[in-house]
Amino acid sequence: MSARTVLTVAGLTLREASRRRVLWALAALTAALLGLSAWGFSRLAGVETDFGTLTSGQARLVASQLLNLVMFGMSLIAALGTAFLAGPTLSGEVESGISLTMLARPVRRSTVLLGKWLGLVVFGSGFVVLAGLAQCLVVQLTVGYWPPDVVGALALLAGQTTVLLTLGLLLSTVVSPMASGVVAVGLFGATWIAGVVGGIGQALGNDGVARVGTVSRILLPTDGLWRGAMHSLQDPSALAQFGVELEGFPFLSEASLTAAYLAWTVVWVAMVWGLAALAFSRRDL
């Protein structure tokens, strides 16, 4: 496998992704989300409650939780965009005959697949990092809150995008571009819901229900990475301030991710990519 060929395919994939209309849709949705959140956060400090006006400290505490909510919207936009980018990039080229022209040359299918995967990961991760950093700056300028571990949070969100892209790439080797995007986003949403159910079960002390979230995070690590990112974004005192009654709150994370879980995520990506390479090598062009 030639590193030069991989980088060439990655560059072409990155250039093609930047030309698709999906990019303009992502940009428009992100700009709208940033604008709405800037307006909302700017009015947070003056909110009147039954106990009086929020102090600056209380506003920052609430802002940390609202930031998790907004970041989930950002990750959902990234999930939609990257899932529907992965399908056309591979399956679309196979259906149109472009892949047959490229693979007629002495180039391995695995090399092309790795180059496309690398290009999509750079594109998706770059979008998440830039959009997430812009959102953190909005909160800093409007409320004065800066998350305790921005770098870690953005890295985990980029990892979440990589996981979903890898899954989308695998699906695109066996089904149509549209179907691969729909299934990938559907699994993303189902895993998040399972994580919420598991959190509620943990808060209620029901081990059987709590196990639903644990199993879902192992089968598809997107929700696990998201919860690690939430923990890096939220105020360290949030759990103590809100109390145990909000342990099942979907935008509150109790602990950071373990090294074992991060290692499993890497192994998961490698295994799914390997399955995608195997399926693509056997696909009739």
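**Note on a predicted model: helices and two buried residues**

1. Val128 is found in helix H5. The model is a predicted one, and this residue is a convenient place to start reading it. Val128 has 6% relative accessibility and therefore counts as buried, the cut-off for that label being under 20%.

2. Which residues does Val128 touch, once its neighbours within four places in sequence are left aside? Its contacts are Ala78, Leu154, Leu157, Ala158 and Thr161. A further pairing concerns Met74, which is 54 residues away from Val128 along the chain. The C-alpha atoms of Val128 and Met74 are nevertheless separated by 7.7 Å.

3. Helix H5 covers residues 109–142, and helix H11 covers residues 259–282. The axes of these two helices come within 9 Å, and they cross at roughly 135°. That angle makes H5 oblique to H11, because an angle has to be over 145 degrees to count as roughly antiparallel and 65 to 115 to count as roughly perpendicular. The crossing of H5 and H11 is right-handed.

4. On the H5 side, the contact with H11 is made by Arg109, Ser110, Leu113, Leu114 and Trp117. On the H11 side, the residues are Val269, Trp273, Ala276, Ala277, Phe280, Ser281 and Arg282. Sorted by class, the contact between H5 and H11 has 8 nonpolar residues, 2 polar ones and 2 charged ones.

5. Thr222 lies in helix H9, which spans residues 222–233. Is Thr222 buried or exposed? Its relative accessibility is 1%, so Thr222 counts as buried. Apart from neighbours within four places in sequence, Thr222 is in contact with Gln160, Val163, Phe188 and Thr191.

6. The remaining points concern the whole protein. Its secondary structure comes to 11 helices and 2 strands. Along the sequence, the elements follow the pattern α-α-β-β-α-α-α-α-α-α-α-α-α. A student tracing the chain can use this pattern to keep their place.

7. The protein has 285 residues, and buried residues make up 46% of them. Val128 and Thr222 are both counted as buried. The accessible surface of the protein comes to about 13600 Å², and 68% of that surface belongs to carbon and sulfur atoms.

8. Consider the contacts in the protein with a separation of 6 or more. Residues 24 or more positions apart account for 80% of these contacts. For a single pair of residues set apart in sequence, return to Val128 and Met74: they are 54 residues apart along the chain, with 7.7 Å between their C-alpha atoms.

Note on methods:
Residues numbered from 1 in each chain as written. Predicted model: local features only at pLDDT ≥ 70, side-chain atom pairs only at ≥ 80, totals over all residues. Heavy atoms only, no water. Axes fitted to C-alpha atoms, helices over the stretch in contact; angles between N-to-C directions. Helix = DSSP H or I, 4+ residues; strand = E, 2+ residues; numbered from the N terminus. Parallel < 35°, antiparallel > 145°, perpendicular 65-115°, else oblique. Left-handed = near helix turned anticlockwise from the far one by under 90°. Contact = heavy atoms within 4.5 Å. Nonpolar A, V, L, I, M, F, W, Y, C, P; charged D, E, K, R; others polar. Buried < 20%, exposed > 50% of the residue type's maximum accessible area, 1.4 Å probe, protein only. Areas by Shrake-Rupley, 256 points an atom, 1.4 Å probe, with all protein chains shown as cover.
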